[in-house]
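Notebook open, one chain to go through. I'll begin with a helix and then step back to the whole fold.

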Amino acid sequence: MHLPISNLELYLKCPRAYKLHMVDGVEPEHTPLALCKSITAKAVISRLHNFEKPLTDVTESEIALLCTEIWNCEVSSLPIDQDEFSEIVIQAKPETKTKPATPAVTKAEKFLEEIKTWVTSYAKLEKDSKVMQSNVYFEDQIGDITFTGYIDQIRKSPEGSLEIII
């Protein structure tokens with residue numbers, strides 16, 4: 001029996017969702033924003049590695065622009081639940097004597113900012129680390145179950161420690 005790591009994560013998170021998706025073949029009506037977030041982050045990183053200039057020369061504003069471009073493409077091409085997309089996760093606050101007004105933040109806006117922050121941090125770490133391996137397939141047998149998947153990167157930090165990015 002082969003079990004991809006993503007399926008194991010789904011099972012551990014929600015056995016019922018695993019059964020519905022993997023056993024019964026039921027697909028969700030809408031693509032969750034969290035899935036769009038992970039697809040976008042992976043696509044941005046992939047594009048950064050195939051960029052026309054070295055990663056060390058890519059600026060934060062270029063990364064932010066790339067994140068926004070790919071995010072907008074993802075959320076417009078997939079069936080997104082508009083209620084989830086526009087759900088307010090941080091309430092607006094009126095102006096006070098000591099603080100300026102802050103606008104409300106939707107779930108989609110928050111996710112995009114998280115992607116920008118994460119990818120920018122990743123790029124900074126990437127500049128300082130040496131990539132040892134990329135896109136490494138693995139398969140491991142535990143009992144009668146075979147776990148399979150890909151390790152995105154194995155890299156060595158300036159301190160000498162190895163980092164595994166999945």
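I checked the length of helix α4 (residues 60-77): at 1.5 Å a residue, taken times one less than the number of residues, its 18 residues should span 26 Å, and the end C-alpha atoms are 26 Å apart, so the two agree. Helices here are DSSP runs of H or I with at least four residues, strands are E runs of at least two, and both are numbered from the N terminus.

Note on provenance: this is a predicted model, where local features need pLDDT of at least 70, side-chain atom pairs count only at pLDDT 80 or more, and totals for chains, interfaces and linings use all residues. Residues are numbered from 1 along each chain as its sequence is written, and side-chain values use heavy atoms, with hydrogens and water left out.

Next I looked up burial in α4 (buried is under 20% relative accessible area, exposed over 50%, partly exposed in between; 1.4 Å probe, protein chains only). I found I63, L66, C67, I70, W71, E74 and V75 buried. They cover an arc of only 150° around the axis (from the directions of the helix axis to the C-beta atoms), which puts them on the same side of α4. On the other side, S61, L65, S76 and S77 are exposed.

What covers the buried residues? I get a list that includes α3 (33-49), α5 (82-85) and α6 (107-128).

Then the whole chain. I count six helices and six strands, running β-α-α-α-α-α-β-β-α-β-β-β from the N terminus. Buried residues make up 26% of the 166. The C-alpha trace spans about 65 × 45 × 30 Å along its principal axes.

Conventions
Contact means heavy atoms within 4.5 Å.
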